[in-house]
Amino acid sequence: MRVKWFCVIATLIWFSCIGAALASLTANHRPDEPRFQSTRQAVTVGNWSDQQWNVIRQLAEQDRQDELLQVFVSGNKTPLLGTVSVVDQQLVFTPRFPFGTGVAFKARLAFDRIEPQSRRKPILHDFTFEPSPTGEATQLVAMYPTANRVPQNILKMYLQFSQPMSRGEAYDRIRFVDDQGRLIPEPFIRIQPELWSPDGRRFTLLFDPGRIKRELRPNRELGPPFKSETKYRVVIDAAWRDARGQPLGKEFEKSFATAAPDRQQPAVARWIVAAPAADSRERLEVTFDEPLDRGMLDHALRVLDASGNRVAGRPRVLDDELGWEFVPAHPWPAGDYRLIADPRLEDLAGNSLAKPFETELGSSAASRKPVGELRFEVK
Amino acid sequence: MQRGSIVATLVALLIGLSSAQSMAQEHLEILQRGSVALQFAGPMTFGPDGVLFVGDPMAAKIYALDTGDRTSGNYGEDFAVEMINDKIAAALGTKADEILINDMAVNPISGTPYLSVARGRGPDGQAVILKVAADGTISELELKNIPHAAAQIPNAPDENQTDRRGRPQRMLAITDISLIDNQVVVAGLSNEEFSSNLRSIRYPFTDAPEGTALEVYHGAHGRYETNSPVRTFTTITLDDEPYIVAAYTCTPLVRFPLSDIAKSEKIRGTTVAELGNRNQPLDMFVYEKDGENFILMANSSRGMMKISTEGIDRPDGITSHIRGGGKAGQTYDTIDELNTVVQLDRLNDSHAMVIMKSGESGLDLRVVPLP
């Protein structure tokens, strides 16, 4: 009999031990404990008891659900912009912008608003989304002008990248040195906003026009940014970040030398046209009188037939921006054609077909009418 | 300059006539409620009645947005939000080096500063307009269902100006906008050709907004004539005639009559000052202090200038060299305690709202007295 009672008591003790152990194991996941789930689009908190959900629903009816759930960038007291909603027995925080990668976030649930009697501190939930693999490093694929000899009063430079770049740091990533390796202090202007193409791949650097223009105060005080007949290098910093936040990874540089200043406008009349043969798809080739602005050459020239219709085809800028070729989509019918140039088209020193970069008052250049048309015949 | 009925409306509002309320409503009723998808939130300026003008250079458009913010606020001299860049980044769920604050405009009615911000520094960055309450709380100007109007910027790059892969490359970077009388005036520069176009669009915008692009030349000591992009500008009244005072990227400060803005041609401004090398003007406005008018101008590297307007109306401007590196034309004082200001707008007759650098990479938003 004693043995029997002993067995019963031992069994009860054993079961209560197991029960206590199980209870301690599940302490963090009580049936009524809120559960967090986070995706890039939202943080949801669920697993509410009926009583808790009633409180949440009542707060939501008063449009006070924002008081319950906030999300922060870890270490920061300013909450993320976003909306809190109650959907399918869940409290949902939707950020204004999807959660970014590589940033530590902290969701904060004001539990004492849901169960005031609990006096429990806010429940915190940390989460992070790992960045996706970044792929190939961005390259600087070209610097224009291409020629290694440029006028001393060069006005701008284009940097062409293989992928979109990050704005806001360009002027700290470009430096010019002379052939002794000495830094040329700020030959360019830090114009804000930075001059990017819409796709973020091409950056336009403007040299200081106040120093290039004769008689302006910066020109008198500091002289032009570059001297004539001098060798320089432009160096692009490896730390310049692309749009993904990844640095270029390696330094790029290009050497160039300066010639005399160029104060002459380009003139279409001096261009040379090599006309193609009729009924062929030979290329039309145009040789300029001087290198022209690479950015504008992408769209500043077009070919019209005798009726004024634009000829379809594929253009290409030739070496050192000294020429332009055009391969038609269909064979050339014999006849008269016109090459039309945008009068804004500039040379490397900002002299355009329409006007010189600066004009000496009273000079004839100021009143010259731009000619932006060149006729040729296909036969 | 054409002065339509809306000018009368605005004047009536300004001088507080009893009929102003109904006229204001009429002016606002022109704005249509709907969603505005900004591609880029660039320079901004406030018009009357809490209407915010925003330049979107990617879309080559100016938007007029009714903020509905028409009650006076409480931004005192002690208003300061330190490390506003960190706080904005946190509100947008990102790091401080992933946001750009493009511009700040203060609503003259409420004093609320509005910030145009890019979340993400690449071309896919998201555009957002934030406002900062007097208690420092940051919230968003909701653009999903906002009364608004839009106008295309005249003579802006068109989508045919692409590279050989068909990608548009040319863009007009907007540097400043302002509502002057019934014209939204836009300063900007192309990422290709070098030019000086001030564009203006009549407001309220019509279905086919009229616009002009004005080329402003300036002289260099009577010998050369040239032009370059305008970085920032303001208006001043001289002998009862309104003038624009424009600060150029190549440093001259140039004056020309506002009536010239309606001309779609080349005009010549008068150089009234040259403000020094290795510097870019950032923001400017005219204010009155002790019975005199001054121009307050924030600069990229030469600090905050308080520029005297005495003699700014002289007919010839600067015509000769100032030897020995002296200041040419209008004189100015540099306000040392404001030398790190990067964004500037008028708050009221006695104070300005500024964003200024703080430490290595911080930016503080604060109210400062006008010097």
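In the predicted model, Leu284(A) touches Ala275(A), Pro276(A), Val303(A), Glu325(A) and Phe326(A), when residues up to four places away in sequence are left out of the count. Leu284(A) belongs to strand E18 of chain A, which spans residues 284–287. Because 22 C-beta neighbours lie inside 10 Å, Leu284(A) is classed as buried. A further relation links Leu284(A) to Phe376(A): the two residues are 92 positions apart along the chain, and their C-alpha atoms are separated by 9.9 Å.

Chain A as a whole contains six helices and 24 strands. Of its 379 residues, 32% are buried. When contacts in chain A between residues at least 6 apart in sequence are considered, 63% of them join residues at least 24 apart.

In chain B, an open sheet is built from four strands in the order E6-E7-E8-E9, with antiparallel pairing. Strands E6 (99–106) and E9 (138–140) of chain B occupy the edges and have a single partner strand each, so one side of each lacks a neighbour in the sheet. On average, and with direction ignored, neighbouring strands of this sheet are turned by 30° against each other. The antiparallel pairing of E6(B) with strand E7 of chain B (residues 113–119) extends over seven bridges. Within this pair, Ile99(B) is found opposite Arg119(B) of E7(B). Helix H3 of chain B (residues 84–91) packs on the sheet and touches E6, E7, strand E8 (126–132) and E9 of chain B. The direction of helix H3 makes about 110° with that of E6(B).

A further set of antiparallel pairings in chain B involves strand E18 (residues 252–257), which is mostly covered, with five of its six residues buried. Strand E17 of chain B (residues 241–248) runs antiparallel to E18(B), and five bridges join the two. In this pairing, Val245(B) stands opposite Arg255(B) of E18(B). E17(B) and E18(B) together form a hairpin with three residues between them. Thr251(B), located in the turn, has a positive phi of about 85°. E18(B) also pairs with strand E20 of chain B (residues 270–274), in the antiparallel sense and over four bridges. Here Pro252(B) has Glu274(B) of E20(B) as its bridge partner.

Key: Residues are numbered from 1 along each chain as its sequence is written. Chains are lettered from A and ligands numbered from 1 in the order in which they are written. This is a predicted model: local features need pLDDT of at least 70, side-chain atom pairs count only at pLDDT 80 or more; totals for chains, interfaces and linings use all residues. Two strands pair if DSSP finds at least two bridges between them. Axes are lines fitted to C-alpha atoms, for helices over the stretch in contact, and angles run from 0 to 180 degrees between N-to-C directions. Two residues are in contact if their C-beta atoms, placed from the backbone, lie within 7 Å. A residue is buried if 20 or more other C-beta atoms lie within 10 Å of its own, exposed if 12 or fewer, and partly exposed in between; C-beta atoms are placed from the backbone.
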